[in-house]
Amino acid sequence: MIKLENLTKEELQQIGIVIGEAFYDEGEGSFTTIPREDAIKLLQIMCEYYYNMNLLYTTSDKQEGFVAYWYKHDEQQWGFNILKAFFRMIYRYIKEIPYSSLRKMIPLMNNPYEKTYANTEDYVVVSMLAVKKEYQGQGYMRVLLAEPFHNASSNHIPCILDTDTLLKAQKYQHLGMKLVEETTFLNGQIMYTLEYRTS
């Protein structure tokens, strides 16, 4: 995989649109409970956050798909940078996303895996995995997960992720992940926590 670097503002915005469309067009999950343009804008902002934290990857020069991933132990080294990027993301959410849509997305800002794995010394976290529509069904989800899975396996730690769609949870299980927890939020939305572990 390729870490995305040296992108122009326009290139980054376009990647955010592609990711937003991929999430919205799944037809289920929290993102489909708000207007399409709000969902895409929200994922554009999230994409910029991961890019600024140097966590955003793509499959190849063709950019068939995208994923953000990192190690838990990385979080201890981010320091002020993560606070700056996080508060910029929150500021943009408040400024650019209508409140009626933003309040429906608040549950997604909670990460159930953090509580489930609070006592785990280290793990690999996967987030914002998306495959472009024209490449879906061609195995690129497996390609996007191969590197995080390999890194987790090599370090004898789990690779974990949360998803709010049953369809994706089932796809991840098909790719070797195990469903470890279901968290139901007050709005009735379910978050599925999955892990990949070889030892």
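Which residues does arginine 92 touch, not counting residues up to four places away in sequence? In this predicted model, the residues touched by arginine 92 under that condition are Lys41, Ile45, Glu48 and Ile97. Arginine 92 belongs to helix α4, which spans residues 80-96. With a relative accessible area of 11%, arginine 92 falls under the 20% limit and is therefore buried. The side chain of arginine 92 also makes a polar contact of 2.6 Å with the side chain of glutamate 48. Glutamate 48 thus appears both among the residues touched by arginine 92 and as the partner in this polar contact.

The strands were examined next. An open sheet is formed by 7 strands, in the order β1-β2-β3-β4-β5-β7-β6, and its pairing is mixed. At the edges lie β1 (2-3) and β6 (178-184), each of which pairs on one side only. Strand β3, residues 65-71, is joined to β4 by 6 bridges, and the two strands run antiparallel. Within this pairing, alanine 68 stands opposite serine 127 of β4, and phenylalanine 66 stands opposite alanine 130 of β4. Of the 8 residues of β4, 8 are buried, so this strand is largely enclosed by the rest of the structure.

Strand β4 (residues 124-131) is joined to β5 by 2 bridges, and here the strands run parallel. Valine 125 has isoleucine 160 in β5 as its bridge partner. The connection from β4 to β5 passes through helix α7 (residues 140-154), and this β-α-β crossover is right-handed. On the other pairing of β5, 5 bridges join it to strand β7 (residues 190-196), and these two strands run antiparallel. Leucine 161 has leucine 194 in β7 as its bridge partner.

Strand β5 comprises residues 159-163, and 5 of its 5 residues are buried, so β5 is largely enclosed by the rest of the structure. Burial extends to both faces of the strand: Cys159, Leu161 and Thr163 lie on one side, Ile160 and Asp162 lie on the other, and all are buried. The residues that take part in the bridges named above are thus found on both sides, with Leu161 on one and Ile160 on the other.

Helix α8 covers residues 166-174, and its residues Lys168, Ala169 and Tyr172 are buried. These residues span an arc of only 105 degrees around the axis, so they lie on the same side of α8. The elements that cover the buried residues of α8 include α1 (9-24), β4, α7, β5 and β7. Strands β4 and β5 and helix α7, which make up the right-handed crossover, are therefore among the elements that cover α8, because the cover of its buried residues includes each of them. After α8 comes glycine 176, which has a positive phi near 110 degrees.

Aromatic side chains form a further set of contacts. The structure holds 9 aromatic pairs. One of them joins phenylalanine 23 and phenylalanine 31 in an edge-to-face arrangement, with 5.4 Å centre to centre and 70 degrees between the planes. Phenylalanine 23 and phenylalanine 31 are both buried. Phenylalanine 86 and phenylalanine 87 form another edge-to-face pair, at 5.6 Å centre to centre and with 70 degrees between the planes. Phenylalanine 86 has a relative accessibility of 36% and so counts as partly exposed. Phenylalanine 87, at 53% relative accessibility, counts as exposed. The threshold for the exposed class is over 50%, which is why phenylalanine 87 is placed in that class. In addition, one aromatic cluster is made up of Tyr49, Tyr50 and Trp70.

Methods. Residues numbered from 1 in each chain as written. Predicted model: local features only at pLDDT ≥ 70, side-chain atom pairs only at ≥ 80, totals over all residues. Heavy atoms only, no water. Buried < 20%, exposed > 50% of the residue type's maximum accessible area, 1.4 Å probe, protein only. Helix = DSSP H or I, 4+ residues; strand = E, 2+ residues; numbered from the N terminus. Pairing = 2+ DSSP bridges. Right-handed = clockwise from strand over helix to strand, strands pointing away. Arc of directions from axis to C-beta. Contact = heavy atoms within 4.5 Å. Polar contact = N/O pair within 3.5 Å; in protein donor to acceptor, adjacent residues only side chain to side chain. Phe/Tyr/Trp six-rings, centres within 6.5 Å; stacked < 30°, edge-to-face > 60°.
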